[in-house]
Amino acid sequence: MAQQQFIIERYNPDTEESYEESFDVDVQPGQTVLDSLNAIKWEQDGTLSFRMSCRHAICGSCAMKVNGQSMLSCQTQVDSAAERGDPIRVGPQGNQNVVKDLVVDVTKFLDQFDRAETWLEPHEGQDPPEKEYRQKVEEFDHWSHASTCIHCGACYSDCTVAAVDENFLGPAALAKAYRFVMDSRDSKREERLQFLSEEQGGIWDCTRCYMCVQACPKDVLPMDAIMELRTMAIEAGFTNNHGTRHHKGFTSGVRKRGRLDEMMLPVQSVGIGRLLTGNISAHKEMMDYTPGAIRLLKSRKLLKIAQRHGANAAGREQIQRIFEEVETEKHHHNVDAEAFGAEFETAIGGH
Amino acid sequence: MLQHDVLIVGSGLAGMRAALEVSNDPTLDVAILTKVHPLRSHSGAAQGGIAASLGNSAEDSWDLHMFDTVKGGDYLVDQDAAEVLTREGPENIFELEHMGCAFSRDDEGRVAQRRFGGHTAPRACYAADRTGHAVLTVLFEQLLRRGVKVYSEWYALDLVVKDNVCQGLVAYDILSGQIEAISAKAVMFGTGGYGRAFRVTTNAFASTGDGVVMAYRAGIPLEDMEFVQFHPTGLQGSGILLSEAARGEGAHIVNSDGFRFMENYAPGRMELAPRDIVARAEQSEIEAGRGVTALRDSVFMDLRPIGEDRIRYALPSVLHLARDFAGIDPLDAPVPIQPTAHYSMGGIPCDINGQVRIKDLDGAPEVTGFFAAGEASCVSVHGANRLGTNSLLEAVVFGRRAGRGILDVVHDLEPTNIAEGDMADAVGEVDKFLRADGPEKVGQIRAELRDTLMDKCGVFRDDAQLRECLGEVKEYQERFQRVAIDDHGSTFNTDLLDAIELGHMLEYSEVIVTGALARQESRGGHARRDFPTRDDDNWFRHTLAYRPRDGEDGPRLTYSDVNMTPQYREPFPLQERTY
Amino acid sequence: MSKYAFWPGCVAQGAAPELYTSTLAVAEKLGMDLVELEAAACTGAGIISDGEPYLQDVLNARTMAMAEQMDLPLMDICSTCVGVHRLAAEKLREVDYRIRINAHLAPEGIEYRGSVDPRHLLWILLEDVGIDKINSLITRPLEELNLGPFYGCYIVRPERTLDFDANPTRRNSLEQLIEILGATTVTYDGMTKCCGFPILTMNKQNSLTMAGTHLEEAQSLGADALVTPCPLCHLNLDAQQPDAAKVIDRNLNLPILHVPQLLGLAMGIEPEKLGLTRHVVDTNRLLNKIGA
């Protein structure tokens, strides 16, 4: 038995007062952060509020910040949360309003599932089979990890985009949308991909920061799901967006020179087509780049950019060959799905 | 006063499945009320599977499933209910599959099935080892699609029944602290089990038997409450569940000699005997000094015979739970396990349509407008012991049937009304705790109660211990009158809810112990050292316990017959239960 | 002399040339022999993989195969590059997938065998060069400076690909470097978050709110500058800083240093040679503070 200090971020809704309070708890080997919070609540201060239920890391109630990172408190051992002697800081989830102490208002988070219509839409006018739909093991294995979301909100709490944008669908809802896009029983694959790429706050607003992958207590890999949605959305032809243009511009630069072409990328992201057809917002976006360009000019960086560094000649030749080969191979196999498959396999197997 | 045609309390599998069914009638206004968000419901913690005789892995039939269920329940199973469960099982699974449930697949692309304790065929349909989560999720998704109203984080305080007609509910909005009456022509309880009264349990903090006690307080007797299932593979100490799927996949259980002791208890089934039998075997080994670890209070479950790849693929949760909660990697070492209170066979008496009935009275009169399904109910499909994977199936099958049962009658039911006076009990209860000033603490009494029930009304029971146990429970009830809480606020006051829940635990614990004391036989999950055999002459009957009226010392017990009239086949006759 | 297969990345040879020159200057002082992979391709930065993940894996397998063929450890100087390389290395542990990818390398006569452990200069400083060697070369301790680390996502996440358990110094490598060089670390919430650069062209408002928030937080906690191992973060934090200030409606004036610039300063290398005069946010006040 050892003593452990907990510093808890508290909020009293009656006085609207936020404060930190320190508690010392006797901890046994194997004791979790949730056990410790309960010890505080039951033995020291019954006013401390937090959500909990299953204590099996499956109901998703008790996600909170432990030393700044969102995690399930029931799943987190005291020993792993703190170096011996260091206090453990416990606070409410981020990116949501605090109701009381460690309880946050989860409405905004949960509403995103409704918004993304993350439920199965059966095929209209077509009776389901008498028994089950058949699904190949490989098909199921490709998306089933994304169906393990427990809606705990840890990903949303740590999401760097949700932190600045209320309108972002967020990692969990996007991963769940992915799960239905991938499920052959669903009838709305195209509609979903269109919505997710065109909606403000959809797949192209993710920064790829990996916060959600890190925070997720399950193996959902939300960011990977968002990335695969991007690939599928482009493949399905939903390309009239900045994200796709940015991808295409970036990739074509690498194809030509083996390296990123910073000179051309802004124009390609805005869209050469849009600029040529006199799209006003496209021209405005181009104008937005001007002050940045002037600053780069002043700091003598623009010249370097304009030199358009590339791979050496032998390298460029090989790189172009690879681009052509992969393009051909894509006609025969869904190589991109295989790439994601390899990622899930190593990511989940490696845990 | 809030008003709905149908109000479903509890948002696990039974509640949500019922709500979906009721929502098929667009003219009806249906709502769900739940103290935790639906996705937090404890159904989601079920791991290993949901039974149905699909026959995808080996030949199977509903008859065989029914026989396994009846025998598994030590013949206290109502056979009309077991028949419904098993006959309607497959179509319910297909329905879930059509809704998008993430079932694991076999090589043919069908729903995969594995072996489970007490089942003679591999009939556990599964989603890795998170089957409850997969089913719970898909039901919630479909509710969202239908736009069913959910009162999330509302706590039901009181069921209002007048002249045997259910009027509705008094409930507490946890966020605001407001108490509201909600009237409904039909109320269904899918409020879950009552395992929290035991120290070592798999149950969620929420599994405090709230619905069971509300019905009891409304004058409805509780059925077979003494039957509590102890699951054989709880993590040592915490009692956290390691799925029976581990044994289904081939895990061994060994004692301190490294011996697979099930050889001595159920040689025909070994580790895949029903849970009550494995749990008793473990407890016997532990009490004989063949326990493991320094505490010698557990035995080992060894997953290594399954093989690493299959463990990772089929049992990821078991792997993570052992690592995260016990610091043991099952790929490298055996895991210490012990019996853990898991499932409540008893509950609110109802028929196969979810209609709550007073079964001991002539003609088993109904409580009009009141329905129940799932673990809160006692239909009784599990009898004295539930087989693994039958609980999810029960919740879905009887949730759907209760939904249909409601649809059948609700249009003919009169609108109900809850008067100010009907709220008095609920308002008074909340008020009492908010004002209470006494020396006793909720946490302390609760800890003592859980110790008492675990140690004196656990895997094995006897007269002397049960009498002690009952005395202690009454003492806690008395001390509870002097309990005080710290939090007097109105926003998210979980201190208050803890107190109310402890009140429920104290009340139903008395019923469990009283029923156990009276039942002088051993049957399924109820094992008396002083009456070690089943006694069909005297005890082939269900217990019904009424709340004591003024002047009565404890619950009044009556009994009712076990149903032996299945519709589509002959009943299975009583037989000795060996495996 | 320690020798590395050196992948400078695109931005160090484009919009952040001072990263390239300062790396070479520091490497020379440390006696590191850098063999530049001139034929290698851009990592794709997670942007090629938005639509063509397979292609991105082939390109990175090729780069790693080159390092493997030279039998040299691979050194990156960009958080994004090292993160993308490591993710590719992780996927390419799958033998079947590696065989498939290698088919595209065969015409060039190379094969990726799966042995490369891509590392950032920052890690190499702590793991290979070592504290003693760095200490021995410090001529201008940075005692006056309060520095905020800014990591860039891929050098801290996802942890599974970064081998933190086997290499615990990686977890707080920037803080360690800052302290070795005599400066004081300013810790702040934003230091491991996203700078916003990846969505600059998609959602400028969100992107610059992120950059601005982190800059403002560090600045208000007394940081004299931020130091970052990622040139992409540098672009959003330095080149975009005036715009970020407008978006969050605060005054910002926080110089952003590349890792080798910071080390170079402590080792007495001339600011001009480290490219410190080529930043958008003026570094003069910072340099004055340490008498450089």
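In this predicted model, a salt bridge brings together the side chains of Arg10(A) and Asp101(A), with 3.1 Å from N to O. Arg10(A) belongs to strand S1 (residues 2-12) of chain A, whereas Asp101(A) sits in the loop between strand S6 (98-100) and strand S7 (103-104), so the pair ties together parts of the chain that are 91 residues apart in sequence. Both partners are covered: the relative accessible area of Arg10(A) is 4%, and Arg10(A) is therefore counted as buried, while Asp101(A), with a relative accessible area of 1%, is buried as well.

The chain that holds this pair contains 16 helices and seven strands, and its C-alpha atoms fill a box of roughly 70 × 70 × 40 Å along the principal axes. Of the 351 residues in chain A, 59% are buried, and residues 24 or more positions apart supply 64% of the contacts in chain A that have a separation of 6 or more. The surface that chain A exposes comes to about 14,400 Å², with carbon and sulfur atoms supplying 50% of that area. As for charge, chain A carries 39 positive and 54 negative charges, and the mean positions of these two sets are 8 Å apart.

Two loops of chain A deserve a look for their backbone angles. Asn95(A), in the loop between strand S5 (88-91) and S6 of chain A, has a phi near 65 degrees, which is a positive value in a residue other than glycine. Arg300(A), in the loop between helix H13 (280-298) and helix H14 (302-306) of chain A, likewise has a positive phi, near 60 degrees, and is not a glycine. Arg300(A) counts as partly exposed, because its relative accessibility is 41%.

From chain A the path leads to its neighbours. Two pairs of chains are in contact, and of these chains A and C share the most contacts; by comparison, no contact joins chain B and chain C, whose closest C-alpha atoms lie 15 Å apart. At the interface of chains A and C, 71 residues of chain C are in contact with 64 residues of chain A. The size of an interface is often given as the accessible area lost when the parts come together. For chain C and chain A that buried area is about 6,200 Å², 58% of it on carbon and sulfur atoms. Charged side chains also take part, since the rule for salt bridges, a side-chain nitrogen of Lys or Arg within 4 Å of a carboxyl oxygen of Asp or Glu, finds 10 such pairs across this interface. In the salt bridge between Glu52(C) and Lys330(A), the closest N and O atoms are 3.1 Å apart.

Within chain C, Arg160(C) and Glu90(C) form a salt bridge whose closest N and O atoms are 2.7 Å apart. This pair links distant parts of the chain, 70 residues apart, with Arg160(C) in the loop between strand S5 (146-149) and helix H8 (173-180) and Glu90(C) in helix H4 (residues 79-91) of chain C. Glu90(C) is buried, with a relative accessible area of 3%. The loop between S5 and H8 of chain C is also the place of Pro158(C), which is joined to Arg157(C) by a cis peptide bond with omega about -10 degrees.

Chain B has charge pairs of its own. Salt bridges with shared partners join a set of its residues into one network, including Asp74(B), Asp224(B), Arg280(B), Arg519(B) and Arg577(B). In another salt bridge, between Asp530(B) and Arg528(B), the closest N and O atoms are 2.9 Å apart. The partners differ in cover, for Asp530(B) counts as partly exposed at 31% relative accessibility, whereas Arg528(B) is buried with a relative accessible area of 1%. Over all chains, the structure holds 104 salt bridges.

Helix H4 (residues 89-99) of chain B is mostly covered, with nine of its 11 residues buried. Among the buried residues of H4(B) are Ile93(B), Phe94(B), Leu96(B), Glu97(B) and His98(B). The buried residues of this helix pack against several elements of chain B, including helix H1 (13-22), helix H3 (79-87), helix H5 (131-146) and helix H11 (390-410). Just after H4(B) comes Gly100(B), with a positive phi of about 110 degrees. Elsewhere in chain B, the peptide bond from Val379(B) to Ser380(B) is cis, with omega near -10 degrees, and Ser380(B) is placed in the loop between strand S18 (377-378) and H11 of chain B.

How values were computed. Residues numbered from 1 in each chain as written. Chains lettered and ligands numbered in written order. Predicted model: local features only at pLDDT ≥ 70, side-chain atom pairs only at ≥ 80, totals over all residues. Heavy atoms only, no water. Helix = DSSP H or I, 4+ residues; strand = E, 2+ residues; numbered from the N terminus. Buried < 20%, exposed > 50% of the residue type's maximum accessible area, 1.4 Å probe, protein only. Contact = heavy atoms within 4.5 Å. Areas by Shrake-Rupley, 256 points an atom, 1.4 Å probe, with all protein chains shown as cover. Lys, Arg positive; Asp, Glu negative; His and termini not counted. Charge placed at Lys NZ, Arg CZ, Asp CG, Glu CD. Buried area = accessible area lost by both parts, 1.4 Å probe.
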